[in-house]
Structures are given as structure tokens and as C-alpha cells.
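Colleague: I'm new to this one and would love a friendly tour. Could you put the structure up, so that we can go through it together?

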Amino acid sequence: MTAPGENLRINGDRLWNSLMEMARIGPGVAGGNNRQTLTDEDAEARDLFQSWCKAAGCEMGLDSMGNMFAMRPGSDPDALPVYVGSHLDTQPTGGKYDGVLGVLAGLEIVRTLNDMDLRTRHPIVVTNWTNEEGTRFAPAMLSSGVFAGVHSEDWAKDQRDAGGKRFGDELRRIGWEGEEPVGARKMHAFFELHIEQGPILEAEGVDIGVVTHGQGLCWLQVTVTGRDSHTGSTPMPMRRNAGLAMARIIDKVDEIAWNHAPDAVGAVGHVEVFPNSRNVIPGRAVFTVDFRSPDKGVIADMEQHLREEAQRIVDEMGLSVDFEQVGGFDPVTFDKGCVAAIRDAADRLGYSHRNIISGAGHDACWIARAAPTAMVMCPCVDGLSHNEAEEIKPEWAAAGADVLLHAVIETAGVIG
């Protein structure tokens, strides 16, 4: 076996054209995509991906959570496959690259090896994980979580969207429920290419992010209960304003995150007040705090400080507060060997690179529990993602896919 030569590169134009063709399925209203999981648009994207994989000579596997596995055979029938991929589903106002780049870059690896008539000892499997975004069916990374044993399949299939439709029923409806048991596959390694979804790489003019860790997170739903009353006729000293308490707690969330800088972050993105009427002081407020850090202890410390500060605030105001953890996962340390393969590939190809911590959750964060795993990141314009204005440059996509190609085939063993 030999290491891939520095002249071995993917076809950047072909990759970009594939991205643009996939983006025509489930167009958004402002130039991006709305291709939520288990919709008709998701089914159409799956059909297109499958047709491309079959044209590239791959055999498509499908498990009972709808995860797709396109395999290019290796020379050794006993060698475990090297997996590579991401997801095709999007946010309701999503971009054209989040997730999709990682899937189609995996396909481009297969196409490039076919062009060069190169074989690998280990098979290569290109993967589309179902429901990474979690926007229609919570939580995010649902099917990779079932694969890794984080969630039970029965529980996952019983998750419901805002209209009450079950995940399992919708998966069956669009025709993408397979018979293969989830998690039955064994992996030699897993690699995922993703846009950064943050501003660091672009701001520093760096080509490649070598992802060493994934942040852990804690989603804490906070419910503050006071008393509804008339805005105009309730004296200021007699108010039990849940909305005001919420505002004070949210300010503490920001303070707590700053106190745990530089790697920790925190914010409130989901807010509801009741009865949500113009002339009624809110009697109840429900909001979700999102704390993240690559250090599990830091996350726990931020959560504890929040609980203490929130309790102090409501006690002073004569209100009550309840907490419920509605999501979370521990920080991830990616496999040193896989990380080194990515860093070596970037060096070999002459791309600038830096270590980076993923601030978002990805399927790779769950798969790291099942196999040696690492991630490659490329810049995105202004760090913008989960937005239809999400944008990358073709040369960024090509560089990320080049590094992915070299890391994957070096791990899979090029034999000419």
C-alpha cells in the first residue's frame, strides 16, 4: 500500500455542480433550501443521491431508520469499511451546504477513485444520516443516535412533529424504511466534512479546520410562574411579572457564559410568554437555555450557576421557577489517528489549517461512540449557517473535499 500522492485531487467542478443540482430540490424562499426530514422533498433528494451512487457503481444499503449506505467494494472482503458522510435534510430556512457538502463530497471521493481506477483495501461507504437537523422531529442527530445506541429505535420512531405525525409513519410513507437493523454495521473509521458554521476560518484566512473536539451541550428549559394581571391597573409593587424575571435570568445566562470564556458559550433562543397579550402582565414564561463547552465540568458549572441565580431572582420577586433538561450530550474528543490523517492530508496538499472545536452538534459526535471518528471543516461566508444566505466558495468546498479524500483513502489503504 502507498500513501496518496499530492497530485490526487477531486473534481471541484463536478462537486459544485452536484451541490447546485441537489439544491434545486426543496428550494427555500430566499435562495436556500427547505428540505426537512421525511418530507416529499427529502424523498426526492434521496432518490437523486441513490441514482448518483448507483451510477458510480455503489451498492445501496438502507437500515430501519432510513440511514443510507452506498458502498464501493474494497479488495479485502474481510476488511471493515471506512465510512464518510453527513446528512441531506435541512432547516426550514436552511442553506445549500450544511450537511449536503459532506454527503456529496463522499460521493465525489468514489467518483474520483473510479476516474483514476484506484482501489482501496477497505471498502468505502458514503452515508446519509436521517434527521440530523432535528427541526421537524426532535432531537437533532436522531438516527445516528439510534445507530450509536444513544436512543432506542422505538422511542425515536415515536417522535412527533408539530402536526402530530410520527417519525416512523412518515419514514414508511416516503418509502425509505429499510429492513437492515440499525447499528448492525461495523466501521473501521468514520469521517465527516462540514462547513464550519462559524466565522473563525474565514476571519483568519485558513483553508481547513482540523476538528479535534466537539462541544458538549445542555439544553435547560426554564419555566417561571407568576400571576397574570392587568397592565394598567396593577400597581408596580404588586406585580408578579414572569416576563421580567425571564429577562433578568436571560441576562444572567450571558454573564455566566462570559465568566466561563473563552470556549464556553450560552444563549436563549426559544422564548414563550403567556398569555402573550398586549395589556396583560405575563403570568408564565417558558424559555430554553443553551450552554455549550468542550469541557463537561464547565457545562455542569454553568448549569449550576444558572439554577442558583434563577432561584435567587424569582425568590426576590415572589415567583417560582422549574427546570427541565430537554437535550444534551457530553463533549467529544475525536480519534487521534483520524485527526492526524486529516492534518497530514492538509499538509501534504499544501492547505493552511488549524485545530478547531466544533460548536455545533454533528452526526460524527454520536458515531464517535461506535468507531474512530474525525471531522474536516471548511470556511463559510461570515460564519452564517441555518440561514438561506449561507454561502461558501467553490474553492473552499474543493479544498475540504481534497483533504477528506486523502484522509479517507489513506485510512482505507490505496493499493493502486
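Modeller: Let's start with a pair of strands: nine bridges join S9 to strand S11 (residues 284-293), and the two run antiparallel. Strands pair if DSSP finds at least two bridges between them; helices (H or I, at least four residues) and strands (E, at least two) are DSSP runs, numbered from the N terminus. This is a predicted model, where local features need pLDDT of at least 70 and side-chain atom pairs count only at pLDDT 80 or more, while totals for chains, interfaces and linings use all residues. Residues are numbered from 1 along each chain as its sequence is written, and side-chain values use heavy atoms, with hydrogens and water left out.

Colleague: Which residue in S11 is the bridge partner of valine 265?

Modeller: S9 covers 265-274, and S9 and S11 run antiparallel. The partner of valine 265 in S11 is arginine 292.

Colleague: Which strands stand at the edges of the sheet?

Modeller: The sheet is open, has four strands with antiparallel pairing, and follows the order S9-S11-S7-S12. Two of its strands have a single partner strand each, so one side of each is left without a neighbour in the sheet. Those edge strands are S9 and S12 (320-329).

Colleague: What angle does the direction of helix H9 make with that of S11?

Modeller: From one strand to the next, the twist averages 15 degrees. Helix H9 (residues 296-317) packs on this sheet, touching S7 (216-225), S9, S11 and S12; contact means heavy atoms within 4.5 Å. Axes are lines fitted to C-alpha atoms, for helices over the stretch in contact, with angles from 0 to 180 degrees between N-to-C directions. The direction of H9 makes an angle with that of S11 of about 155 degrees.

Colleague: Which residue in S2 is the bridge partner of glycine 61?

Modeller: Strands S1 (residues 59-62) and S2 (residues 68-72) pair in the antiparallel sense over four bridges. They form a hairpin with five residues between them, and glycine 66 in the turn has a positive phi of about 85 degrees. The partner of glycine 61 in S2 is phenylalanine 69.

Colleague: And the whole chain: how many helices and strands does the protein chain have?

Modeller: The C-alpha atoms fill a box of roughly 80 × 45 × 40 Å, taken along the principal axes. Within the protein chain, the secondary structure comes to 12 helices and 15 strands.
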